[in-house]
Amino acid sequence: MAFPYMEAVVGFMILMHFFETYLDLRQHAAYKLPTLPKPLEGVIGQEKFQKSRAYSLDKSRFHFLHEFVSILMDSAILLFGILPWFWKKSGEFLVLAGLNAENEILHTLSFLAGVMIWSQITDLPFSLYSTFVIEARHGFNKQTVWLFFWDIIKGIFLSVIIGPPIVAAIIIIVQKGGPYLAIYLWGFMFVLSLVMMTLFPILIAPLFNKFTPLPEGELRESIEKLASSLTFPLKKLFVVDGSTRSSHSNAYMYGFFKNKRIVLYDTLIQQCKTEEVVAVIAHELGHWKLNHTMYSFIAVQILTFLQFGGYTLVRNSSDLFKSFGFDTQPVLIGLIIFQHTVIPLQHLVSFALNLVSRSFEFQADAFAKKLGYASELRSGLVKLQEENLSAMNTDPWYSAYHYSHPPLVERLAAIDKSDKKED
Ligand SMILES: [Zn+2]
């Protein structure tokens, strides 16, 4: 008898669901704590603390429901053979439309169109509730229902344009195959990611947000001065109208080699003082100076290559396909099945990546501190935490598993610690 791959995958998914729910319960208990953690007493206002508690608890309750529905649907799709049924139906649909169902590319696109419609419909109640009930209740939501649906329409439009050529290319590469398939697939994804990184900010991001150059003034001068003192090749400095959707705030940078751009959310500029924004940028530039961006990029490339390598090993295993209910071996289905079989590894990898990411955050904080921004970074981080109503009390297991950024208490302690060393 062949190994019951599908049952093992579903079993593991359910096991992981229990484990993650246990972590969520631990974190939920931390949200309920009625007092601020000691180091934040007197740093965070009582009113902000109460608001952040209410917001976190609201989100947490919703998260339990969302996760439960997701695991129920995902296991049912696998256990009841909905995947092969859907594949068959999408072939029949092609025939009805007068197209050639023997063509794997067309069949795959028909299948993916169905998957997209299905996921849009099943996600909709959750994203509507999250945006217009939870975010709105806590004063974050700034978007209208019209803008919400317009975003979805633009998203679908984009996937219809970008998706098919990519899907077709992957299928052709796999069909041509050969012993170096993993290298070809990785090479394709590598080029694709470079193209997307170049085109996304120019063609796609402006479809959703307005990017305007940061106006001349104190803030612009300070950031430019900081960038040139670090020889950071700052080509453009933008403000994005994040406030049209949400009052959450942020800043980020992107671009290759000598062509870097920094984007500030308008909400960040409204919420923080000039020196605090500059301190946040100093932290971001720390990521660049310390090569964090490069390391992350390389890590993603290695992981992509390993995934494709694993895929090429199992892509012809008829046992694996049969276990998931397939007699044929379409490329896309092979990729989907493979993705499911490596779920245990993916959890380990994301845990490890979070671990590395948190140490990068400490390093970037220390970098900003070394440039003399300790107190501004401190107050900037506190303000962002307050304005975003981020969780003040965190469970150590939960944050170790999920957080890509260290909890505020730990970041402040680390900034203070390096303070004392220099005294
Ligand atoms: Zn950072």
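Entry 1. Terms and model. I began with a definition: a residue is called buried under 20% relative accessible area, exposed over 50%, and partly exposed in between. I note that the model is predicted.

Entry 2. Residue N291. I applied the definition to N291, whose relative accessibility is 40%. Because the partly exposed class lies between 20% and 50%, N291 counts as partly exposed. I then located N291 in the loop between α9 and α10, the latter covering 292-314. The backbone angle phi of N291 is positive, about 65 degrees, although N291 is not a glycine. I recorded this angle because most residues other than glycine have a negative phi.

Entry 3. Residue L389. I looked up a further residue with a positive phi: L389 has a value of about 50 degrees and is not a glycine. L389 is placed in the loop between α13 and α14, where α14 spans 396-402. Is L389 buried or exposed? The relative accessible area of L389 is 6%, so L389 is buried.

Entry 4. The zinc ion. Which protein atoms are the donors of the zinc ion? I found NE2 of H283, NE2 of H287 and two OE entries from E361, at 2.1 to 2.6 Å from the ion. Along the chain, these donors follow the spacing H-x3-H-x73-E. The pair H287 and E361 links distant parts of the chain, 74 residues apart. I traced H287 to helix α9 (residues 274-289) and E361 to helix α13 (residues 343-387). Both H287 and E361 are buried.

I next examined the angles among the four donor atoms, which run from 53 to 134 degrees. A tetrahedral site needs all angles between 85 and 135 degrees, and the value of 53 degrees belongs to a site that is irregular.

Entry 5. Residue F93. I found F93 in helix α3, which covers residues 82-96. F93 has a relative accessible area of 52%. Because the cut-off for exposed is over 50%, F93 is classed as exposed. I also checked the separation of F93 from M294, which is 201 residues away along the chain. Their C-alpha atoms are separated by 45 Å.

Entry 6. The annotated domain. I consulted the UniProt record, an unreviewed entry, which carries the annotation "domain: CAAX prenyl protease 1 N-terminal" for residues 27-210. Over residues 27-210, I noted that the chain is 81% helix and 0% strand. The end C-alpha atoms of this stretch are 36 Å apart.

Conventions: Residues are numbered from 1 along each chain as its sequence is written. This is a predicted model: local features need pLDDT of at least 70, side-chain atom pairs count only at pLDDT 80 or more; totals for chains, interfaces and linings use all residues. Side-chain values use heavy atoms; hydrogens and water are left out. Donors are N, O and S atoms within 2.8 Å of the metal (3.2 Å for Na, K and Ca); water is not among the atoms, so sites may look incomplete. Four donors count as tetrahedral if all angles lie between 85 and 135 degrees; four count as square planar and six as octahedral if opposite donors are over 155 degrees apart and all others between 65 and 115; anything else is irregular. Helices (H or I, at least four residues) and strands (E, at least two) are DSSP runs, numbered from the N terminus. Buried means under 20% relative accessible area, exposed over 50%, partly exposed in between (1.4 Å probe, protein chains only). UniProt positions are given in the numbering used here, feature names are shortened, and annotations may be inferred rather than shown by experiment.
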